[in-house]
Amino acid sequence: AMSDSGPLPWGIEVDRRKPDWDRSIDTMAVQEAELAHQRTKALRDQVSSFVRDLDTLRAELAGIRSKQDSDKSDMVATFRDELQLLRAQTDSVDQLVPYVD
């Protein structure tokens, strides 16, 4: 910086600019704290969203498993019914076989 009488000696220039630098540092510290707060909030929001999505997926998976178990039980019951019917038919055929000579 230049004054009317030429450049200021280094020590005087530093003393003159120090309050501006201190204000700039204070402003940057506040901005850094605000940014850290915003990042923390964004991370917290993302984690909360992830947990909600995970809970939804767990519920959907439980529903799918329940339906599969129900379907499997239905298939086993149908298979048993068909097996009983086949056995009954086989027994009927076995009873007729002695008469087929």
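Glu13 is buried in this predicted model, with a relative accessible area of 8%, a value that falls under the 20% limit for burial. The residue is found in helix H1, which covers residues 10-96. Burial is uncommon in this protein, as 2% of its 101 residues count as buried.

**Overall architecture and confidence**

The protein contains one helix and two strands, and along the sequence these elements follow the pattern β-β-α. The accessible surface of the protein comes to about 9400 Å², and carbon and sulfur atoms account for 59% of that surface.

The mean pLDDT of the protein is 87, with 86% of the residues reaching 70 or more. Confidence is not even across the elements: helix H1 has the highest mean pLDDT, at 92, whereas strand E1 (residues 2-3) has the lowest, at 50.

**Salt bridges along helix H1**

A search of the whole structure finds seven salt bridges, and three of those listed for helix H1 are set out below, each with its N to O distance.

| Side chains | Distance, N to O | Relative accessibility of each partner |
|---|---|---|
| Glu13 and Arg16 | 3.1 Å | Glu13 8%, Arg16 45% |
| Asp22 and Lys18 | 2.9 Å | Asp22 32%, Lys18 42% |
| Lys41 and Asp45 | 3.1 Å | Lys41 43%, Asp45 41% |

The pairing of Glu13 with Arg16 joins a buried residue to a partly exposed one, because Glu13 has a relative accessibility of 8% and Arg16 has one of 45%. Their side chains also make a polar contact, at 3.1 Å. Since Glu13 and Arg16 are three residues apart in helix H1, about one helical turn separates them.

Asp22 and Lys18 meet in a salt bridge at 2.9 Å, and because these residues are four apart in helix H1, they too are separated by about one helical turn. Here both partners are partly exposed, with a relative accessible area of 32% for Asp22 and a relative accessibility of 42% for Lys18.

Further along the sequence, the side chains of Lys41 and Asp45 form a salt bridge at 3.1 Å. Lys41 is partly exposed, with a relative accessible area of 43%, and Asp45 likewise counts as partly exposed, at 41% relative accessibility. Being four residues apart in helix H1, Lys41 and Asp45 are separated by about one helical turn. Elsewhere in the protein, salt bridges that share partners join Glu13, Arg16 and Arg17 into one network, so that a salt bridge of the buried residue Glu13 belongs to a wider set of charged contacts.

**A nonpolar patch on the surface**

Apart from these charged pairs, the surface carries a nonpolar patch of about 440 Å², made by Leu43, Val47, Phe50, Val51 and Leu54. One of its members, Val47, lies in helix H1. Val47 counts as partly exposed because its relative accessibility is 45%, a value that lies between the 20% limit for burial and the 50% limit for exposure.

Technical notes: Residues numbered from 1 in each chain as written. Predicted model: local features only at pLDDT ≥ 70, side-chain atom pairs only at ≥ 80, totals over all residues. Heavy atoms only, no water. Buried < 20%, exposed > 50% of the residue type's maximum accessible area, 1.4 Å probe, protein only. Polar contact = N/O pair within 3.5 Å; in protein donor to acceptor, adjacent residues only side chain to side chain. Patch = residues over 30% accessible without salt bridge, like charges linked within 9 Å, V, L, I, M, F, W, Y side chains within 5 Å. Areas by Shrake-Rupley, 256 points an atom, 1.4 Å probe, with all protein chains shown as cover. Salt bridge = Lys/Arg side-chain N within 4 Å of Asp/Glu carboxyl O. pLDDT = per-residue confidence, 0-100.
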